[in-house]
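User: I am new to this structure, and I would like to understand the reasons behind the words used to describe it. Could we go through them one at a time, setting each value against its rule?

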Amino acid sequence: QEATMSETEIPEDVREYAGAMSRLWWLSLVTGILWFFIAIVILQMDSASVATVGVIVGAMFLFTGIQQFVISAAVEGWKWLWIVFGVLFVLAGLWALFNPGATTAALADSLGFLFLLVAIFWVIEAFATRGSNDLWWLGLISGIIMFVLAFWVAGQFFFERVYILLVFAGIWALLQGVTDVIRAFQLKKLGKLVAS
């Protein structure tokens with residue numbers, strides 16, 4: 001028979017850490033709403049210049065990198081992974097903002113590979129949060145979808161890739177918003193559990 005730990009047996013330092021994390025649930029909700037707003041703006045663009053696409057992608061990379069640093073400051077396990085991805089996203093974002101035309105061309109050429117990296121990150125994140133997130137499987141499904149898209153996009157022509165890049169930047173922002181909103185309500189639920 002599997003032993004279960006009652007709430008009174010939860011160590012005090014774990015309870016304090018969970019309480020501190022749960023008080024930040026609103027931050028995840030705000031970033032999720034921001035991602036929804038970014039997705040709506042991107043998906044409403046019917047035509048965009050090569051430079052505009054580069055700037056949009058650079059801003060998204062920067063925002064994602066900063067978000068990874070915030071998460072790394074709040075988690076105990078896998079802290080190094082959040083920091084590594086944060087550094088990579090920030091560096092990519094800065095390069096994209098200073099070289100938007102070259103960024104779009106490079107991203108369009110390597111879009112499949114970039115989607116593959118995002119897919120790997122989402123799958124790792126899903127498994128890393130499996131113990132604390134009841135909806136971890138949504139991240140796993142998003143990662144699997146991104147794997148499929150990575151191989152599909154790799155076979156497209158350059159000009160099609162530029163528009164695909166814009167569409168999938170919007171989809172990426174939308175999926176990131178969903179993930180952040182779900183995380184917010186999971187943290188709020190954790191706070192109620194710890195408080196009771």
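User: Which residues does Met60 touch, not counting residues up to four places away in sequence?

Analyst: In this predicted model, Met60 touches Trp35, Ile38, Ile42, Ala169, Trp172 and Ala173, once residues up to four places away in sequence are set aside. Each of these counts as a contact because heavy atoms of the two residues come within 4.5 Å.

User: What makes Met60 stand out in the largest nonpolar core?

Analyst: That core has 34 residues, and Met60, together with Phe115 and Met146, touches the most other members. Helices H2 (25–43), H3 (50–74), H4 (79–98), H5 (100–109), H6, H7 (136–153) and H8 (158–195) each supply at least two residues of this core, and H8 gives the most, with eight residues.

User: How many helices and strands does the chain have?

Analyst: The chain has eight helices and zero strands, and its pattern, read along the sequence, is α-α-α-α-α-α-α-α. Of its 196 residues, 41% count as buried, and among contacts between residues at least 6 apart in sequence, 77% join residues at least 24 apart.

User: How do you know that the span of H6 agrees with what is expected of a helix?

Analyst: Helix H6 covers residues 111–128, and at 1.5 Å a residue its 18 residues should span 26 Å; the end C-alpha atoms are 26 Å apart, so the two values agree. Several residues of H6 are buried, among them Leu111, Phe115, Phe121 and Trp122.

User: What is the corresponding result for H7?

Analyst: H7 also has 18 residues, for which 1.5 Å a residue gives an expected span of 26 Å, and its end C-alpha atoms are 26 Å apart, which agrees. The buried residues of H7 include Gly139, Ser142, Met146 and Val153.

User: Why is Ser142 called buried?

Analyst: The relative accessible area of Ser142 is 12%, and buried means under 20%, so Ser142 meets the rule. Ser142 is found in helix H7, and it touches Trp122 and Leu175, not counting residues up to four places away in sequence.

User: Why does Trp136 count as partly exposed?

Analyst: Trp136 has a relative accessibility of 22%, and because the partly exposed class lies between the limits of 20% and 50%, Trp136 belongs there. Trp136 lies in helix H7 and touches Ala126, Phe127, Thr129 and Arg130, again not counting residues up to four places away in sequence. Trp136 and Trp122 are 14 residues apart along the chain, and their C-alpha atoms are separated by 9.9 Å.

User: Is Phe85 buried or exposed, and what makes it so?

Analyst: Phe85 has a relative accessible area of 16%, which is under 20%, and therefore Phe85 is called buried. Its place is in helix H4, and, leaving aside neighbours within four places in sequence, Phe85 is in contact with Gln68 and Phe121. Phe85 and Ser72 are 13 residues apart in sequence, while their C-alpha atoms are 10.0 Å apart in space.

User: How do you know where empty space is left?

Analyst: Rolling a probe the size of a water molecule over the atoms shows where such space remains. By the rule used here, there is one cavity of 30 Å³ or more, and the largest cavity has a volume of about 120 Å³. It is lined by 13 residues, of which Phe61, Leu111, Phe115, Leu165 and Trp172 are the closest to its centre.

User: Which helices supply the lining of the largest cavity, and how do its residues divide?

Analyst: H3, H6 and H8 each supply at least two residues of that lining. Its residues divide into 13 nonpolar, no polar and no charged.

User: What can be said of the second largest pocket and its lining?

Analyst: The second largest pocket has a volume of about 320 Å³, and of the 15 residues that line it, Phe61, Leu88, Ala92, Leu114 and Leu117 lie nearest its centre. The elements that give two or more residues to this lining are H4, H5 and H6, and H4 gives the most, with six residues. The lining divides into 13 nonpolar, two polar and no charged residues.

Conventions: Residues numbered from 1 in each chain as written. Predicted model: local features only at pLDDT ≥ 70, side-chain atom pairs only at ≥ 80, totals over all residues. Heavy atoms only, no water. Helix = DSSP H or I, 4+ residues; strand = E, 2+ residues; numbered from the N terminus. Expected span 1.5 Å × (residues − 1). Buried < 20%, exposed > 50% of the residue type's maximum accessible area, 1.4 Å probe, protein only. Core = buried A, V, L, I, M, F, W, Y, C linked by side-chain atoms within 4.5 Å. 1 Å grid on protein atoms, 1.4 Å probe; cavity = no way out; pocket = protein on both sides within 12 Å on 5 of 7 lines; lining within 4 Å. Points joined across faces, edges and corners; volume = space filled by probe spheres on them. Nonpolar A, V, L, I, M, F, W, Y, C, P; charged D, E, K, R; others polar.
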